[in-house]
Amino acid sequence: YDWVPETVKEKTVGFRRNKKIVARTPKELDAMQAAGEIVGEALIACREAAKPGVSTLELDAIAEKTIRAAGAKPTFKGYEGFPGSICASVNDIIVHGIPDEKTVLKDGDLISIDCGATYKGWVGDSALTIEVGTVAADAKALNEATEWVLMEGMQAMVPGNRLTDVSHALEMATRAAEKKWGYNFGIVDGYGGHGIGHEMHEDPYLANEGRGGRGPIIQEGSVLAIEPMLTLGSVDSVVFDDDWTVASIDGSWAAHWEHTVAATADGPRILTPRKN
Ligand code: MG
Ligand code: MG
């Protein structure tokens with residue numbers, strides 16, 4: 001994927017230092033949120049269906065049906081050849097898992113679902129991790145902590161900050177979460193968030209860690225998809241032969257939470273809200 005840098009640090013350090021992240025008008029933010037709310041509906045439908053015995057392909061069908069019923073298109077389907085409407089990533093799969101009928105959920109699994117919808121020319125992108133039945137204590141901590149890191153880290157998404165202030169906030173939140181939950185977490189190396197608008201992946205790339213104060217300036221109306229990916233072990237990952245599935249290199253479990261977030265004068269605004 002050309003939006004994922006060869007070397008995260010190279011691309012982020014000094015990334016168009018004085019450039020600003022494109023700003024959307026309030027009307028455009030409303031239009032983006034309309035797309036984002038459809039993603040939220042699809043994710044809730046998947047969460048309600050994610051029970052032992054259900055395959056990830058069934059979840060994919062549920063998401064696609066929800067998106068199309070709302071008059072939108074599943075952004076992922078056909079994106080760079082991806083076959084699904086969701087990425088379904090179970091346990092040690094971090095992201096980009098391909099939905100299939102052989103992957104059947106069982107009690108104790110963690111499944112991360114990432115979904116995008118295109119509506120009236122705008123894209124929403126959001127992800128969550130679901131606990132299937134009763135999960136182990138460390139998996140539960142990982143999941144809760146990753147959601148918390150997203151909500152904490154996105155507080156840096158305010159006008160006047162620079163891109164890597166968000167990266168730094170995500171890293172600091174991760175370190176704070178380790179103390180709060182009592183586990184060590186790996187911040188997955190080489191994957192992160194991104195600009196978003198008419199396309200799902202727009203500039204700039206947003207690292208999930210690093211020193212703050214660098215990169216383009218966040219303006220009122222700038223939008224980023226913010227998406228921490230944490231593991232219970234290694235920061236390193238491997239891509240399977242299908243060229244999509246990203247697994248942790250040590251088999252440790254992963255969680256992934258994402259919102260499309262706008263910087264506004266009133267603070268960060270989530271454009272992919274979910275009812276409940
Ligand atoms: Mg996503
Ligand atoms: Mg994304």
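User: Which residues make the nonpolar surface patch of about 260 Å²?

Analyst: In this predicted model, a nonpolar patch of about 260 Å² lies on the surface. One of its members sits in the loop between β11 (237-239) and β12 (246-248), namely phenylalanine 240. The full set of residues that make the patch is Val238, Phe240 and Ile249.

User: Is phenylalanine 240 buried, partly exposed or exposed?

Analyst: A residue is called buried under 20% relative accessible area and exposed over 50%, with partly exposed in between. Because the relative accessibility of phenylalanine 240 is 38%, this residue counts as partly exposed.

User: Which residues coordinate the magnesium ion (ligand 2)?

Analyst: Along the chain, the donors of the magnesium ion (ligand 2) follow the spacing D-x68-H-x32-E-x30-E. The coordinating atoms, at 2.1 to 2.2 Å, are OD of the aspartate, NE2 of the histidine and OE of each glutamate. With their numbers, the residues are Asp125, His194, Glu227 and Glu258.

User: Which residue coordinates both the magnesium ion (ligand 2) and the magnesium ion (ligand 1)?

Analyst: The magnesium ion (ligand 2) and the magnesium ion (ligand 1) are 3.1 Å apart. The residue that coordinates both is aspartate 125.

User: How many residues apart are aspartate 125 and glutamate 227 along the chain?

Analyst: Both aspartate 125 and glutamate 227 coordinate the magnesium ion (ligand 2), and both are buried. Aspartate 125 belongs to strand β5 (residues 122-131), whereas glutamate 227 lies in the loop between β9 (223-226) and β10 (229-231). The pair thus links distant parts of the chain, and the separation is 102 residues.

User: Which are the edge strands of the open sheet of five strands?

Analyst: The five strands follow the order β8-β7-β9-β14-β15, with antiparallel pairing. An edge strand pairs on one side only, and this holds for β8 (202-206) and β15 (267-270). Neighbouring strands are turned by 30° against each other on average, direction ignored. The edge strands are therefore, by pairing on one side only, β8 and β15.

User: What is the bridge partner of glycine 195 in β9?

Analyst: Strand β7 (residues 193-195) runs antiparallel to β9, and two bridges join them. The partner of glycine 195 in β9 is leucine 224.

User: Is threonine 174 buried or exposed?

Analyst: Threonine 174 is placed in helix α5 (residues 163-181), and its C-alpha atom is separated by 18 Å from that of valine 95, 79 residues apart along the chain. Because its relative accessible area is 1%, threonine 174 is buried.

Definitions and conventions:
Residues are numbered from 1 along each chain as its sequence is written. Chains are lettered from A and ligands numbered from 1 in the order in which they are written. This is a predicted model: local features need pLDDT of at least 70, side-chain atom pairs count only at pLDDT 80 or more; totals for chains, interfaces and linings use all residues. Side-chain values use heavy atoms; hydrogens and water are left out. Donors are N, O and S atoms within 2.8 Å of the metal (3.2 Å for Na, K and Ca); water is not among the atoms, so sites may look incomplete. Helices (H or I, at least four residues) and strands (E, at least two) are DSSP runs, numbered from the N terminus. Buried means under 20% relative accessible area, exposed over 50%, partly exposed in between (1.4 Å probe, protein chains only). Patches are made of residues with over 30% relative accessible area and no salt bridge: like charges are joined within 9 Å, nonpolar side chains (Val, Leu, Ile, Met, Phe, Trp, Tyr) within 5 Å. Accessible areas come from the Shrake-Rupley method with a 1.4 Å probe; for residues, only the protein chains shown count as cover. A salt bridge is a side-chain nitrogen of Lys or Arg within 4 Å of a carboxyl oxygen of Asp or Glu. Axes are lines fitted to C-alpha atoms, for helices over the stretch in contact, and angles run from 0 to 180 degrees between N-to-C directions.
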